[in-house]
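Biologist: Could you take a close look at the aromatic side chains, going through their surroundings and the way they are arranged with respect to one another?

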Amino acid sequence: MDRGKTEYCHIVVAGGTGSRFGGDLPKQFRLLGERPVLMHTVERIRRWGRGGEVITVLSPEMRGYWQEECRKYGFEAGRIVDGGATRWHSVRNALEAVPKSVKTVSVHDGARPMIDGALMDRLLDAVERGARAVVPAIEPSDSLRELTGEGGSRAVERSKFRMVQTPQVFDRDLLWRAYGAGYRPEFTDDASVVEAFGEPVALVEGSKRNIKITYPWELEFLNFYFEKEINKITDKR
């Protein structure tokens, strides 16, 4: 497929309150290095998204805060869409803002700031080879047990399971029709929405560096990583 004829759009979902993270400020607005987490996420999607527009989904209460932060750091805010009551509703709102001319849509978590070009290439290349729904996934490194009820559990074969990440990439028309089928409480990501619609979901290798910040220790870990990288650059000067 001629990449010059393929139009992309990237949705970054950042409307959550970060209740598990704690504190008054949602995790996507906390500092990673010298800038908010969300800026790193949006910047990396712009860098490796093959020219596609980035639409950021925010809670209406945080729109003004984010725009002020963007002015403070000299960052281009881009297009912003209001989030909804759940992640599903937030993505549905963003899809309404995606131009009909767009052929491929990715959906990424705002609290995953470590997306890299190699992973994005694996995803977009898979779509260009014909996949209509593709997600990154990694093998679990820990042993797994299945809960059986009443305090019981049993071991399961780890090799049969994968841990799903974002960005998740889809044919735009497919994703639009899948979301048009309606909301279900069991939907946890976009792949589950598309799978419920009847479309198979392809997997590509994810990245263990593509961490989703959920708890404070994960942000502390990434800040340590950023400091280490900055020190490497400084030492080379």
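Modeller: In this predicted model, F75 has a relative accessible area of 12% and therefore counts as buried, the cut-off being under 20%. W66 is likewise buried, with a relative accessible area of 0%. Of aromatic pairs, the structure holds 6. One of them joins W66 and F75, whose ring centres lie 6.2 Å apart with 65° between the planes, an edge-to-face arrangement. Y225 and F226 form another edge-to-face pair, at 6.3 Å centre to centre and with an angle of 70° between the planes. In that pair, Y225 is partly exposed, with a relative accessible area of 24%, whereas F226 is buried, at 13%. Returning to W66 and F75, these two residues belong with F29 and Y65 to one aromatic cluster.

Aromatic rings also face charged side chains here: the charged end of R47 sits over the ring of W48, 4.8 Å from the ring centre, and R172 lies over the face of W176, 5.4 Å from the centre of that ring. R172 is itself one of the buried residues of helix α5, which spans residues 172-180, alongside L174, L175, A178 and Y179. These buried residues cover an arc of only 165° around the axis, so they lie on the same side of α5. They pack against the helices α3 (87-97) and α6 (190-196), and against the strands β6 (104-109), β7 (133-138) and β11 (168-171).

Key: Residues numbered from 1 in each chain as written. Predicted model: local features only at pLDDT ≥ 70, side-chain atom pairs only at ≥ 80, totals over all residues. Heavy atoms only, no water. Buried < 20%, exposed > 50% of the residue type's maximum accessible area, 1.4 Å probe, protein only. Helix = DSSP H or I, 4+ residues; strand = E, 2+ residues; numbered from the N terminus. Arc of directions from axis to C-beta. Contact = heavy atoms within 4.5 Å. Phe/Tyr/Trp six-rings, centres within 6.5 Å; stacked < 30°, edge-to-face > 60°. Lys NZ or Arg CZ within 6 Å of the ring centre and 35° of its normal.
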